[in-house]
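I opened this structure to look up a few things and keep a record. My notes follow in the order I took them.

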Amino acid sequence: TDSELVEKIIVSEEDVNGALQLFIRDIDGLNPTQLTFNSNKSWMPAISPNGKKIAYVEESNVSADIYLINIDGTENQLLTSGGINITPVWTPDGNNILYTHTPTLNGTIPQRIFIMEANGFNKTALINETGNYSEVVPTISPDGSQVAFASDRSGHDQFEIWKANIDGANLTQLTTIGYDSIIQANIQQKVPSWSPVVSKIALWRGVEMNELNLDGSLRDQLIVQSWKVCVMNTDGTELTAIDFGDDPAWSTDGQYIYHPDPMNRDQNPNNAISIKKHRPNGSDNITLFKTTRGFGRMDVGFIE
């Protein structure tokens, strides 16, 4: 029953061996309990609507596949094989999982959004088109009727947020890239996250990491400072930056957004990441918790 469900955070963070694994934390970030003990990187968790399972990505040097594991860590089940398969997200009815699929292991385009049954059967492309562009990181509306995602279909390395119906129809562009004349690079929009309750989509906006020279230059500092968590209406209007950050995730009631802080404003050692929590308008901003070491995405949801 619903009374047995408790809101938790599933965080991919480094374990004592320095490998990204899944940890279950209380909603305040406390009491981390390790869920996976894989030899490979385990990240991109997605909590099933019934709170019984976690879909996630296990990634090695030669593959990236989606697995399904029970909330108690048992029955680790492989759902995909071939190419690269990442960013799983559940449909609200729990029957299907959408994800990003790349047919080649070197990660080159085309990347496409695929949908499959929760047992891994019947994999099909969301939008059945050919073209030398990418569609990545799906997120689903609360009623399950629409999918938002990032795509550079308007031009290479120009990612914007688009949406379509769950059957792939009614493709609509929601955002438009900008250009930073000082950095001399595109300002892109990626990793959309649809609120489970309110008519809002959170996302990342900024100059991509591949523009970094990693030389400590002013340009590099400006690139990092361009990384913003934003919120917009589901038709793309009122796009507003609310904090420095990346990879936003919503609380189950839509009242809060959680995200990692790439600015390291808390001056954490050992690659530890602060997870910020605030209202969708940016108010009530706090550091919710800090990972022990590195970080690899998270999800918020009810678990059994």
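**Pocket linings**

I began with the second largest pocket and sorted its lining by class: 24 residues are nonpolar, 10 polar and 3 charged. I note here that the model is a predicted one. The volume of this pocket comes to about 940 Å³. I counted 37 lining residues, and those closest to the centre are Ile47, Val89, Trp194, Asp299 and Val300. I then asked which strand gives the most to the lining of the second largest pocket. It is β25, with 6 residues. At least two residues each come from β4, β8, β12, β17, β21 and β25.

Next I looked up the largest pocket, which has a volume of about 1,100 Å³. Its lining has 37 residues, with Trp43, Glu208, Met209, Asp246 and Asp247 closest to the centre. By class I found 18 nonpolar, 11 polar and 8 charged residues in this lining. The strands that each supply at least two of its residues are β4 (41-47), β8 (84-90), β9 (96-102), β12, β17 (185-194) and β25.

**The sheet with β25**

I followed β25 from the pockets into its sheet. Four strands form an open sheet there, in the order β3-β2-β1-β25, with antiparallel pairing. Which strands stand at the edges? They are β3 (33-34) and β25 (295-303); each has a single partner strand, so one side of each has no neighbour in the sheet.

I went through the pairs one by one. β1 (residues 6-14) and β25 are antiparallel and share 7 bridges. In this sheet I found valine 11 opposite methionine 298 of β25. β1 and β2 are also antiparallel, over 7 bridges, and serine 12 stands opposite leucine 22 of β2. These two strands, β1 and β2, make a hairpin with 5 residues between them. In its turn, glycine 18 has a positive phi of about 80°. β2 (residues 20-26) is joined to β3 by 2 bridges, again antiparallel. Isoleucine 24 has threonine 33 of β3 as its bridge partner.

**A sheet with β21**

β21, noted above for the second largest pocket, led me to an open sheet of 4 strands in the order β21-β22-β23-β24, with antiparallel pairing. Its edge strands are β21 and β24 (286-290), and each of them pairs on one side only. I looked up the pairing of β23 (residues 274-278) with β24 and found 4 bridges in the antiparallel sense. Lysine 277 has isoleucine 286 of β24 as its bridge partner.

**Nonpolar cores**

I turned to the largest nonpolar core, which has 20 residues. Which of them touch the most other members? I found Ile161, Ile201, Ile223 and Met232. Two or more residues of this core come from each of β12, β13, β17, β18 (200-206) and β19 (228-233). Another core, of 17 residues, lies apart from it, and Val57, Ile66, Ile84 and Met116 are among its members.

I then listed the contacts of methionine 232, leaving out neighbours within four places in sequence. They are Ile161, Leu174, Thr175, Ser199, Lys200, Ile201, Leu203, Thr237, Glu238 and Leu239.

**Two single residues**

Threonine 100 sits in strand β9. Is threonine 100 buried or exposed? At 1% relative accessibility, threonine 100 counts as buried. Beyond four places in sequence, threonine 100 touches Ile84, Asn85, Ile86, Thr87, Gln111, Arg112, Ile113, Glu135, Val136, Val137 and Pro138. Proline 88 is 12 residues from threonine 100 along the chain, and their C-alpha atoms are 7.3 Å apart.

Glycine 144 is in the loop between β12 (135-140) and β13 (146-151). I looked up its exposure too: glycine 144 has a relative accessible area of 17%, so it is buried, the cut-off being under 20%. With neighbours within four places in sequence set aside, glycine 144 is in contact with Pro92 and Ile166. I also compared its position with that of glycine 82: the two are 62 residues apart in sequence and 27 Å apart in space, C-alpha to C-alpha.

Definitions and conventions. Residues are numbered from 1 along each chain as its sequence is written. This is a predicted model: local features need pLDDT of at least 70, side-chain atom pairs count only at pLDDT 80 or more; totals for chains, interfaces and linings use all residues. Side-chain values use heavy atoms; hydrogens and water are left out. Buried means under 20% relative accessible area, exposed over 50%, partly exposed in between (1.4 Å probe, protein chains only). Contact means heavy atoms within 4.5 Å. Two strands pair if DSSP finds at least two bridges between them. On a 1 Å grid over the protein atoms alone, a cavity is a set of points where a 1.4 Å probe fits but cannot get out, and a pocket is an open set with protein on both sides within 12 Å along at least five of seven lines; lining residues have an atom within 4 Å of a point. Grid points are joined across faces, edges and corners, and a volume is the space filled by probe spheres set on the points. Ala, Val, Leu, Ile, Met, Phe, Trp, Tyr, Cys and Pro count as nonpolar, Asp, Glu, Lys and Arg as charged, and the others, Gly among them, as polar. A nonpolar core is a set of buried Ala, Val, Leu, Ile, Met, Phe, Trp, Tyr and Cys residues joined through side-chain atoms within 4.5 Å.
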